[in-house]
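Work through the exercises below with the sequence and the model open. Each task is followed by a solution in steps.

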Amino acid sequence: MEDRSQTRRDFMKMMSMGAMAALSLGSLSCTRAQVEAFLQKHFREMTEAEKKEAIRRLEETYFRKYGKKFHISTQPADTAVLWGYGLDLSRCIGCRRCVYACVKENNQSRSNPQLQWIRVVRLKDGSLINLENTEHYYNPEKVPEPGFQYMPVQCQHCENPPCVRVCPVHATWKEPDGIVVVDYNWCIGCRYCMAACPYKGRVFNWGQPNIPPEELNTEVHYLGNRPRMKNVVEKCTFCIQRVRNGRYPACVEACPTGARKFGNLLDPDSEIRYIIENKRVFRLKEDLNTEPKFYYFFSA
């Protein structure tokens, strides 16, 4: 069997030698910060001192780029927590306020194109069992529309995430609290994870992210909403920067109808546990054995 960790070290060694060779030949296109970022190892494998140095360098980079001081959290997962999400389809009105709250909270590119981690699809009444006929780009003057239902879809934070299995450089993994994350400095942009995800839960930065400085959220997490770069894959993290500080994801707070629920699956008194135990819930594409921690239900 292939030794994958050895392969990763070999990969980094090869790329490091290539970068150093380029510098020794007088390449002036790379700054020192860019070289250090390139050589940055997988965040999970770094020592605490190396992590602090990486955070310091990133904060300096963001300050130079945006003229604002960022606070980058590295708060780890609480082992007594397993996050789960509930979505009441009988309450969703398709207004997409969750989408735009997510874009604002998580520093997603605003234009050319705007990246969105949440898709809200429209279905005709009675067609829920056939998701192949959904509409992604509906645009009525008013919602909800008679005769239609709406279903938000985002990263399902699977217990058996296929995106993690296919990543050739281990840039994505599942945290102890169930959140599937991406190390953007480690991602090589191959998009294998996008092809493997059956929920279309990931998006690719084709261009340099465009975020007006006045709209930046400077409270970020290393594995969450810190500004990303071109040619990396990004996705919903359940707002890791919020939930590990006792707050709800931005989409939960923004929903005007209370359709979105969030909580600790390990807590028998949590709302998410009540929903699972007392409502008729379903998960998307159960036959794939990905075991999403995203539960859809109808309260009415």
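**Exercise 1.** Locate Arg191 and describe its backbone and exposure.

Step 1. Arg191 sits in the loop between β6 (180-182) and α6 (192-196); helices (H or I, at least four residues) and strands (E, at least two) are DSSP runs, numbered from the N terminus.
Step 2. Its phi is near 70°, a positive value in a residue other than glycine.
Step 3. Arg191 counts as partly exposed, at 33% relative accessibility. Buried means under 20% relative accessible area, exposed over 50%, and partly exposed in between (1.4 Å probe, protein chains only).
Step 4. Treat His170 likewise: this residue lies in the loop between α5 (162-166) and β5 (172-174), has a positive phi near 55°, and is partly exposed with a relative accessible area of 22%.

The model is predicted: local features need pLDDT of at least 70, side-chain atom pairs count only at pLDDT 80 or more, and totals for chains, interfaces and linings use all residues. Residues are numbered from 1 along each chain as its sequence is written, and side-chain values use heavy atoms, with hydrogens and water left out.

**Exercise 2.** Find the cis peptide bonds at Pro113 and Pro144.

Step 1. Asn112 and Pro113 are joined by a cis peptide bond with omega about -15°; Pro113 is in the loop between α4 and β3.
Step 2. Val143 and Pro144 are also joined by a cis bond, with omega about 0°; Pro144 is in the loop between β3 and β4.
Step 3. For background, most residues other than glycine have a negative phi, and most peptide bonds are trans.

**Exercise 3.** Is Gln241 buried or exposed, and what does its side chain make a polar contact with?

Step 1. Gln241 belongs to helix α7 (residues 240-243).
Step 2. Its relative accessible area is 10%, so Gln241 is buried.
Step 3. Its side chain makes a polar contact with the side chain of Glu105 (2.8 Å). A polar contact is a pair of N or O atoms within 3.5 Å; within protein, one must be able to donate a hydrogen and the other to accept it, and residues adjacent in sequence count only if both atoms are side-chain atoms.

**Exercise 4.** Which residues touch the most other members of the largest nonpolar core?

Step 1. A nonpolar core is a set of buried Ala, Val, Leu, Ile, Met, Phe, Trp, Tyr and Cys residues joined through side-chain atoms within 4.5 Å.
Step 2. Among the 51 residues of the largest one, the answer is Ile72, Met151, Phe238 and Tyr296.
Step 3. α3 gives the most to this core, with five residues.
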